[in-house]
Amino acid sequence: SRARSRRRGMVSFVEAAAIAASVLLGLAPLPDVMNMQRVHGTGERTHSAYLSMQLAGFLWSVYALEVRSATIFVCNMINALLGTYYLYVFSRFSSASTRRRIFLGFMA
């Protein structure tokens, strides 16, 4: 009926808005990452934000699969992939000791 159609439209709007907001927030570090590529260095930045973004996106994506939520999955998989890319660029221009800390964590 009409109320159901309106409610479905509102849900799809909210889902689209959630995905758009997630992508925009995920793109926030992009200027810094592009600067790292331009200057071939990381400056005073640390890897923790990129690693957190990658891991949180991955964990929330696993949760989304469990609860069967495509919206949660898409939002967080995009951020997991962006976090992976940012971490790759960061590690490419960081010192060897920093790369060890990134990939070995507390064991380094």
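The exercises below, each with a worked solution, concern the helix packing and aromatic contacts of a predicted model.

**Exercise 1. Overall make-up**

Task: State how many helices and strands the protein chain has, and what share of its residues is buried.

Solution:
- Step 1. The protein chain has 5 helices and 0 strands.
- Step 2. Read along the sequence, this gives the pattern α-α-α-α-α.
- Step 3. Of the 108 residues in the protein chain, 29% are buried.
- Step 4. Among contacts with a separation of 6 or more, 62% are between residues 24 or more positions apart.

**Exercise 2. Helix 3 against helix 4**

Task: Determine how helix 3 is oriented relative to helix 4, and which residues meet.

Solution:
- Step 1. Two packed helices are described by an angle and a distance, both taken between their axes.
- Step 2. For helix 3 (residues 48–67) and helix 4, the angle is about 155° and the axes are 7 Å apart.
- Step 3. Angles over 145 degrees count as roughly antiparallel, so helix 3 is roughly antiparallel to helix 4.
- Step 4. The crossing of helix 3 and helix 4 is left-handed.
- Step 5. On the helix 3 side, the contact residues include Tyr-50, Leu-51, Met-53, Phe-58 and Trp-60. Those in helix 4 include Ile-72, Phe-73, Leu-82, Tyr-86 and Phe-90.
- Step 6. The residues of the contact of helix 3 with helix 4 comprise 16 nonpolar, 7 polar and no charged.

**Exercise 3. Helix 2 against helix 4**

Task: Decide whether helix 2 and helix 4 are roughly parallel or roughly antiparallel, and describe their contact.

Solution:
- Step 1. Helix 2 covers residues 30–39 and helix 4 covers residues 70–92. Their axes are 9 Å apart, at an angle of about 30°.
- Step 2. Angles under 35 degrees count as roughly parallel, and helix 2 and helix 4 are therefore roughly parallel to each other.
- Step 3. The crossing of helix 2 and helix 4 is left-handed.
- Step 4. Leu-30, Val-33, Met-36 and Gln-37 in helix 2 are in contact with Tyr-85, Tyr-86, Val-89 and Phe-90 in helix 4.
- Step 5. Sorted by class, the residues of the contact of helix 2 with helix 4 are 7 nonpolar, 1 polar and no charged.

**Exercise 4. Helix 4 against helix 5**

Task: Work out the orientation of helix 4 relative to helix 5, and classify the residues of their contact.

Solution:
- Step 1. The axes of helix 4 and helix 5 (residues 96–104) cross at roughly 150° and come within 9 Å.
- Step 2. This makes helix 4 roughly antiparallel to helix 5.
- Step 3. Helix 4 contributes Leu-87, Phe-90, Ser-91 and Arg-92 to the contact, and helix 5 contributes Thr-98, Arg-99, Ile-102 and Phe-103.
- Step 4. The residues of the contact of helix 4 with helix 5 are 4 nonpolar, 2 polar and 2 charged.
- Step 5. Ser-94 lies in the loop between helix 4 and helix 5. With 10% relative accessibility, Ser-94 counts as buried.
- Step 6. Apart from neighbours within four places in sequence, Ser-94 is in contact with Thr-42 and Arg-99.

**Exercise 5. The aromatic pairs of Tyr-50**

Task: Give the geometry of the aromatic pairs that Tyr-50 forms with Tyr-86 and with Phe-90.

Solution:
- Step 1. The structure holds 4 aromatic pairs.
- Step 2. Tyr-50 and Tyr-86 are 6.0 Å apart centre to centre, with 65° between the planes, and the pair is edge-to-face.
- Step 3. Tyr-50 is in helix 3 and Tyr-86 in helix 4, 36 residues apart, and their pair links distant parts of the chain.
- Step 4. For Tyr-50 and Phe-90, the ring centres are 5.9 Å apart and the planes are at 45°, so this pair is tilted.
- Step 5. This pair also links helix 3 with helix 4, its residues being 40 apart.
- Step 6. Tyr-50 counts as buried at 5% relative accessibility, and Phe-90 counts as buried at 2%. Tyr-86 is buried too.
- Step 7. Tyr-50, Tyr-85, Tyr-86 and Phe-90 form one aromatic cluster.

**Exercise 6. The surroundings of Asp-32**

Task: Place Asp-32 in the structure and name the residues it touches beyond four places in sequence.

Solution:
- Step 1. Asp-32 lies in helix 2.
- Step 2. At 37% relative accessibility, Asp-32 counts as partly exposed.
- Step 3. Not counting residues up to four places away in sequence, Asp-32 touches Arg-45 and Tyr-50.
- Step 4. Asp-32 and Phe-90 are 58 residues apart along the chain, and their C-alpha atoms are separated by 9.8 Å.

Notes. Residues numbered from 1 in each chain as written. Predicted model: local features only at pLDDT ≥ 70, side-chain atom pairs only at ≥ 80, totals over all residues. Heavy atoms only, no water. Axes fitted to C-alpha atoms, helices over the stretch in contact; angles between N-to-C directions. Helix = DSSP H or I, 4+ residues; strand = E, 2+ residues; numbered from the N terminus. Parallel < 35°, antiparallel > 145°, perpendicular 65-115°, else oblique. Left-handed = near helix turned anticlockwise from the far one by under 90°. Contact = heavy atoms within 4.5 Å. Nonpolar A, V, L, I, M, F, W, Y, C, P; charged D, E, K, R; others polar. Phe/Tyr/Trp six-rings, centres within 6.5 Å; stacked < 30°, edge-to-face > 60°. Buried < 20%, exposed > 50% of the residue type's maximum accessible area, 1.4 Å probe, protein only.
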